[in-house]
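Subject: A structure for you to explore

Hi there,

Here is the structure I promised to send over. Have a look around in the viewer first, and then read on.

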Amino acid sequence: MTVKQLIVSFVSLIGVAILALFLATGWYIVDESEQAALITFGKVDETITEPGLKFKMPWPIQRVEILSRGTYNLQVGYKEEDGEVVEFTREAKMITGDENILFADLAVQWRITDPEQYLYSSVDAREVLYNATSSALRTVIGSTTIDDVLTDKRPEVEAQVFENLIELLEIYQIGISIQDVKLQDVELPTEEVRRAFIEVTDAREERLTKINEATRYRNQQMNEVEGEKDAIISRAEGTRAERIERARGDVARFDALYNEYVVNPDVTRQRLVLETLENVLPDTEIYIMDSNSDTVSYLPIRPLERGQSSAEGGSN
């Protein structure tokens, strides 16, 4: 075999090797739930989020790290089997702000938001996240009383841990974002202490129940009083309107009497006197006397009217 043939064979072998290497490492697939970091000589050149078949330079020039875009769950302070806590770990034991010991565990939901930082900003981003979460939890528990942690202040504790953890991750820059933080179990170290705090919790719940019942009763009474108040105001407004209309009618009658009085004062005066007597003494017989204090011959009028009525009745 000649030298030329050796060279051609060697070049052909290299070409076949390059082709085989390209066919083996020159392509990759990104799923809809994934993201990829395209790495050229150890440096991330591009982050791919669009799903589908992608091509690249063969290894060792370029390589790809496929990362999930889903949500991960990190457990701090406990081990879980079949969705239940089976064991507290060393990280769960901590001291509260009022120098009490308790066991607290935490679940953290997180996602990868920056593949480059996640891959190269630390040796193990998950370990950094675990330590940061443990530190944030201990910081909050260490400044909170045991009473608050075990009763109605747990949401505030979770919110504070969430804020502290976000601040730490902004410092560490490991390409992770926190979605949610949830306290799983908070327990006391001895049975006697647990019983005492259960009694305290029951007393607090009873207190809240009594407060709610009192508030409900107060609201009911307030509604009834408001309704009664509205009814009284409505009746008062109706009485007011009635009296205003009555006063207007009295004014109209007075104006009419005044007009008649202006036309014929004597007749109007006498009629007013007689009407007033009828109103004051409705069942009294009225006699009209002359100037000599003698009864007018054709009076009294009412006996004459009764006599006429009796005569008409007898004729029928």
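Below is what I found, going from the strands to the helices and then to the charged pairs. Please keep in mind that this is a predicted model.

**The strands**

A good place to start is strand β2, residues 34-40. Six of its seven residues are buried, so β2 is largely enclosed by the rest of the structure. Strand β2 has two antiparallel partners. With β5 (residues 62-68) it shares seven bridges, and there Gln35 sits opposite Leu67. With β3 (residues 43-48) it shares five bridges, and Ala36 faces Ile48 in that pairing. The β2 and β3 hairpin has two residues between its strands, and Phe41 in this hairpin takes a positive phi near 50°.

**The helices and the surface**

Next, try finding helix α6, which covers residues 191-263. Asp202 lies in this helix and belongs to a surface patch of negative charge together with Glu199, Glu205 and Glu206. Is Asp202 buried, partly exposed or exposed? Its relative accessible area is 41%, so Asp202 is partly exposed, since that class lies between 20% and 50%.

Helix α7 spans residues 265-280, and two of its residues make a nice contrast. Leu277 is partly exposed at 37% relative accessibility, while Thr268 is buried at 4%. Leu277 is part of a nonpolar surface patch with Val273, Leu274, Val280 and Leu281, and together they have about 420 Å² of accessible area. As for Thr268, its C-alpha is 8.9 Å from that of Tyr258, and the two are ten residues apart in sequence.

**The salt bridges**

How many salt bridges does the model have? The count comes to seven. Here are three to look up:

- Arg63 and Glu65 meet at 2.8 Å, N to O. Both are partly exposed, Arg63 with a relative accessible area of 33% and Glu65 with 27%.
- Lys153 and Asp148 meet at 3.9 Å, N to O. Lys153 is partly exposed at 28%, and Asp148 is partly exposed at 22%.
- Arg253 and Asp250 meet at 2.0 Å, N to O. These two are three residues apart in helix α6, so about one helical turn separates them. Asp250 is partly exposed, at 36%.

Enjoy exploring, and write back with any questions.

Best wishes

Note on methods: Residues numbered from 1 in each chain as written. Predicted model: local features only at pLDDT ≥ 70, side-chain atom pairs only at ≥ 80, totals over all residues. Heavy atoms only, no water. Buried < 20%, exposed > 50% of the residue type's maximum accessible area, 1.4 Å probe, protein only. Helix = DSSP H or I, 4+ residues; strand = E, 2+ residues; numbered from the N terminus. Pairing = 2+ DSSP bridges. Patch = residues over 30% accessible without salt bridge, like charges linked within 9 Å, V, L, I, M, F, W, Y side chains within 5 Å. Areas by Shrake-Rupley, 256 points an atom, 1.4 Å probe, with all protein chains shown as cover. Salt bridge = Lys/Arg side-chain N within 4 Å of Asp/Glu carboxyl O. Lys, Arg positive; Asp, Glu negative; His and termini not counted. Charge placed at Lys NZ, Arg CZ, Asp CG, Glu CD.
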